[in-house]
Amino acid sequence: MVVNPLIRHKQGWIEVICGCMFSGKTEELIRRVRTALIAKQKVQLFNSKIDTRYGLDSIISHNQNKVAAICVKTSAEILQHVEKDTQVVAIDEINFFDKGLVAVCEELANKGKRVIVAGLDTDYRAEPFEVMAALMAKAEYVTKNLAVCTKCGNPASFTQRISKDKKRIVVGTTDSYQARCRRCYKKPRD
Ligand code: ADP
Ligand code: MG
Ligand code: ZN
């Protein structure tokens, strides 16, 4: 992602990082947060309370990269936590959030903040997560990452659920999900 050098000071915008599971979304989010911290910007990082994989005070990528984060249940809580002088607001796993997140991100960007969001673009049935679809349409910058297909090694953009759960949101890692390419992904029948 190249940020336009002509962007004026204090202008906000929205950046989206999307893709299937294991595609490096969290790693990329952490990289952008670290870069902003090196530039001495005030950053606030959020995660969903639903994401209980790694504790409730940090974000950790699948390769154990870790940064501190505030865990919240709703998009409204994010607005309450963001401080006036914060320059960068980063949010991971936006697929876990309510629809209100779209307006929250727009409000923060309109206030001059750089908003970076990361999350799944589609669920285990390969259907779009509505919050992500809306934010991809409204964002200034969209990055789509691909993972490696666990069956054949080709670039993968699908998340195959290997457990039998039928709920849309089931928190898990390699025990319940695999990255698959278009050929190797099998859409669940029911
Ligand atoms: P995401 O947030 O998109 O689920 P992470 O950023 O947490 O992904 O983790 C990405 C890391 O996961 C990769 O750098 C790699 O070390 C590891 N990984 C494990 N399985 C795969 C896979 N099938 N394809 C790509 N990376 C994988
Ligand atoms: Mg992640
Ligand atoms: Zn494949």
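Donors are N, O and S atoms within 2.8 Å of the metal (3.2 Å for Na, K and Ca), and because water is not among the atoms, sites may look incomplete. This is a predicted model in which local features need pLDDT of at least 70 and side-chain atom pairs count only at pLDDT 80 or more, while totals for chains, interfaces and linings use all residues. Side-chain values use heavy atoms, without hydrogens and water, and residues are numbered from 1 along each chain as its sequence is written.

**Exercise 1. Find the protein donors of the zinc ion (ligand 3) and name their arrangement.**

Step 1. Start with the atoms: the SG atoms of Cys149, Cys152, Cys181 and Cys184 lie 2.3 to 2.4 Å from the zinc ion (ligand 3).

Step 2. Now take the angles. The four donor atoms subtend 102 to 116° around the zinc ion, so the arrangement is tetrahedral; four donors earn that word if all angles lie between 85 and 135 degrees.

Step 3. Along the chain, the donors follow the spacing C-x2-C-x28-C-x2-C. Cysteine 149, in the loop between strand E9 (147-148) and strand E10 (155-156), and cysteine 181, in the segment after strand E12 (177-180), are 32 residues apart and link distant parts of the chain. Helices (H or I, at least four residues) and strands (E, at least two) are DSSP runs, numbered from the N terminus.

Step 4. Check the burial of this pair: cysteine 149 is buried because its relative accessibility is 3%, and cysteine 181 is buried at 6%. Buried means under 20% relative accessible area, exposed over 50%, and partly exposed in between (1.4 Å probe, protein chains only).

**Exercise 2. Describe the polar contacts of ligand 1 and its cover by the protein.**

Step 1. List the distances to oxygen atoms of ligand 1: 2.6 Å from a polar side-chain atom of glutamate 27, 2.7 Å from one of lysine 25, and 3.0 Å from a backbone N or O atom of glycine 24. A polar contact is a pair of N or O atoms within 3.5 Å; within protein, one must be able to donate a hydrogen and the other to accept it, and residues adjacent in sequence count only if both atoms are side-chain atoms.

Step 2. On its own, ligand 1 has 580 Å² of accessible area, and the protein covers 75% of this (Shrake-Rupley method, 1.4 Å probe; for residues, only the protein chains shown count as cover).

Step 3. Finally, ask which element gives the most to the shell: helix H1 does, with three residues.

How values were computed: Chains are lettered from A and ligands numbered from 1 in the order in which they are written. Four donors count as tetrahedral if all angles lie between 85 and 135 degrees; four count as square planar and six as octahedral if opposite donors are over 155 degrees apart and all others between 65 and 115; anything else is irregular.
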